[in-house]
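Hi,

Here is the structure I promised to pass on to you. Please have it open while you read, and my notes on the sheets and the ligand site follow below.

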Amino acid sequence: MTDKMLETAQNLIRKTGEKLKLSEKVVEEILQPDRVIEVKLTIKGQKGEKKVYQGFRSQHNSILGPYKGGIRFHSSVTREEVIALSTLMSLKCAVAGLPYGGGKGGVIVDPKTLSETELEELSRAYALAIAPFIGAWRDIPAPDVNTNPKIIAWMLDAYEKWLGEKSPAAFTGKPVGLGGSLGRTEATGRGGVVVLSALLTKLSRQLRSKTNKPTIAIQGFGNVGYYFAKIAHESGFEVVAVADSKGAVYVEGGLSPETTLNCKQEKGTVAGCYCKGSVCDIKFGKAIDSESLLELPVDVLVPAALENAINTENANKIKAKVIIEMANGPVASAAYPILDKKGIIVVPDILANSGGVIVSYFEWVQSLQGYWWSKEEVNRKLEKQISQAFDAVWQTSQKLKTSLKEAAFAVALARIAQKSSSLF
Ligand code: NAD
């Protein structure tokens, strides 16, 4: 799947390059990563045995600034996957107007099979193995799938010991007590809601009609899905359905994300969190399956869980008018033409979920200054930065008469090409 992700991104880069009449040299440069580091990681297992893992760090392109991107721990990590994801990070940072190139790291491991001590050892071993290639002005890793602030704290500690000095700006996604930024946890969801609001403002202007309380269905109720739901609810949207890996719930009049989260923590899933009756009478609602959530007649569909959730099998059944790609690659490339034909607007992941990397950038700036901002200041700056990114993509899509995805690629490539031509 992800191997195809690289091919799809490369094809769109080529197509956009032609449309923008970029020099072939610039396009070729963006197609290949600058460097892919491959490392062997050896740790001591619980019974004293030797355990060996393979890790990668892809540094895609540093024209706009140091490489930036997460590190994932997953059994399906491949060299191609980290290259694809680092390519998309270069484009995401460029769309968001950040002074970064793209990077991505990964270790082939199922972290659920490791003890806490083994996980710490592996995290430290990975940081040490890539230490000569990273740094505050070189490559700034962050958490990604199955990695978190605690893992980043171990990695930063190992890196600083290797370096012989403090360097909090070398990693982002740190715990707040160790120099992390306030507002980072909810940043991706918050950014997505800002983008959705900006889009609906444009559409209501263009269509001359307004829906008072647009309805939303969200697939995924983890970090991104929950905060998207919470902030959308607070902003006056009606969240009518949410799904996690074990099921989904639909509440016609709209649900309370906080109540649903409390229920999920208690029951282990959102399914069945709302029902009719005296025992569990929060509000009328019903359990549905995750697949039918995607096909609900809502205004906005938010895939915030899986890659390729919307594909050629279900694209024809989608009834939403707008899809906000909050997960990475939730709409399969072959599904785009089907959605386009149905007049469904898709906001691409490299714009929609860029709130996370934007606040990671703010964390880096704060860490470099040694001066930390309030949550309100972080949120204000996030809103400004992502709104500007949306405006650039929207205007480009109007000018070039393209989808928002093609426009986002065009904005990113034009920015990279402009800096590149001023350098060479
Ligand atoms: P998470 O692990 O916190 O949450 C994932 C959610 O998806 C969980 O609620 C899980 O139950 C649900 N899920 C899994 N399989 C499902 C299925 N088959 N049907 C319905 N729900 C299912 O992860 P997250 O941090 O929220 O990230 C979600 C997506 O957003 C990923 O694609 C990630 O790469 C992307 N993303 C995350 C961030 C960030 O800041 N966390 C930033 C950019 C992109």
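A good place to start is the pair β1 and β2, which run antiparallel and are joined by ten bridges. Please keep in mind throughout that this is a predicted model. Within the pair, E38 sits opposite F56 of β2. The hairpin that β1 and β2 form has five residues between its strands, and G48 adopts a positive phi there, near 85 degrees.

These two strands belong to an open sheet of five strands with mixed pairing, in the order β1-β2-β4-β3-β5. The edges are taken by β1 (35–44) and β5 (139–143); each has a single partner strand, so one side of each has no neighbour in the sheet. On average, and ignoring direction, neighbouring strands here are turned by 25 degrees against each other.

At the β5 end, the pairing is with β3 (residues 67–74), in the parallel sense and over five bridges. If you want a residue pair to look for, Y67 stands opposite D139 in β5. Helix α3 (residues 79–95) packs on this sheet and touches β1, β2 (50–61), β3 and β4 (101–108). The direction of α3 makes about 155 degrees with that of β4.

Now for the other sheet.

This one is also open, with seven strands in the order β9-β8-β7-β6-β10-β11-β12, and its pairing is mixed. Here β9 (286–288) and β12 (345–347) are the edge strands, and each has a single partner, so one side of each is left without a neighbour in the sheet. The average turn between neighbouring strands, direction ignored, is 20 degrees.

Inside this sheet, β7 pairs with β8 (residues 247–250) in the antiparallel sense over four bridges, and D244 stands opposite G247 in β8. Helix α7 packs on the sheet, where it touches β6 (215–219), β7, β10 (300–303) and β11 (322–324). Its direction makes about 165 degrees with that of β6.

That brings me to the ligand, since α7 (223–234) and β7 (238–244) each supply at least two residues of the shell around it.

How many residues surround the ligand, and which are the closest? There are 19, and the closest are T188, F221, N223, V224 and S245. Sorted by class, the shell has eight nonpolar, nine polar and two charged residues.

Three polar contacts are worth finding on screen:

- R184 places a polar side-chain atom 3.4 Å from an oxygen atom of the ligand.
- N223 has a backbone N or O atom 3.0 Å from an oxygen atom of the ligand.
- D244 has a polar backbone atom 3.3 Å from a nitrogen atom of the ligand.

On its own, the ligand has 830 Å² of accessible area, and the protein covers 70% of this.

D244 is a handy residue to keep selected: its backbone takes part in the polar contact with the ligand nitrogen, and it stands opposite G247 in the strand pairing. N223 likewise links two parts of these notes, as one of the closest residues to the ligand and a residue of α7 (223–234).

Have fun looking around, and do write back with any questions.

Best wishes

Key. Residues numbered from 1 in each chain as written. Predicted model: local features only at pLDDT ≥ 70, side-chain atom pairs only at ≥ 80, totals over all residues. Heavy atoms only, no water. Pairing = 2+ DSSP bridges. Axes fitted to C-alpha atoms, helices over the stretch in contact; angles between N-to-C directions. Contact = heavy atoms within 4.5 Å. Near = heavy atom within 4 Å. Polar contact = N/O pair within 3.5 Å; in protein donor to acceptor, adjacent residues only side chain to side chain. Areas by Shrake-Rupley, 256 points an atom, 1.4 Å probe, with all protein chains shown as cover. Nonpolar A, V, L, I, M, F, W, Y, C, P; charged D, E, K, R; others polar.
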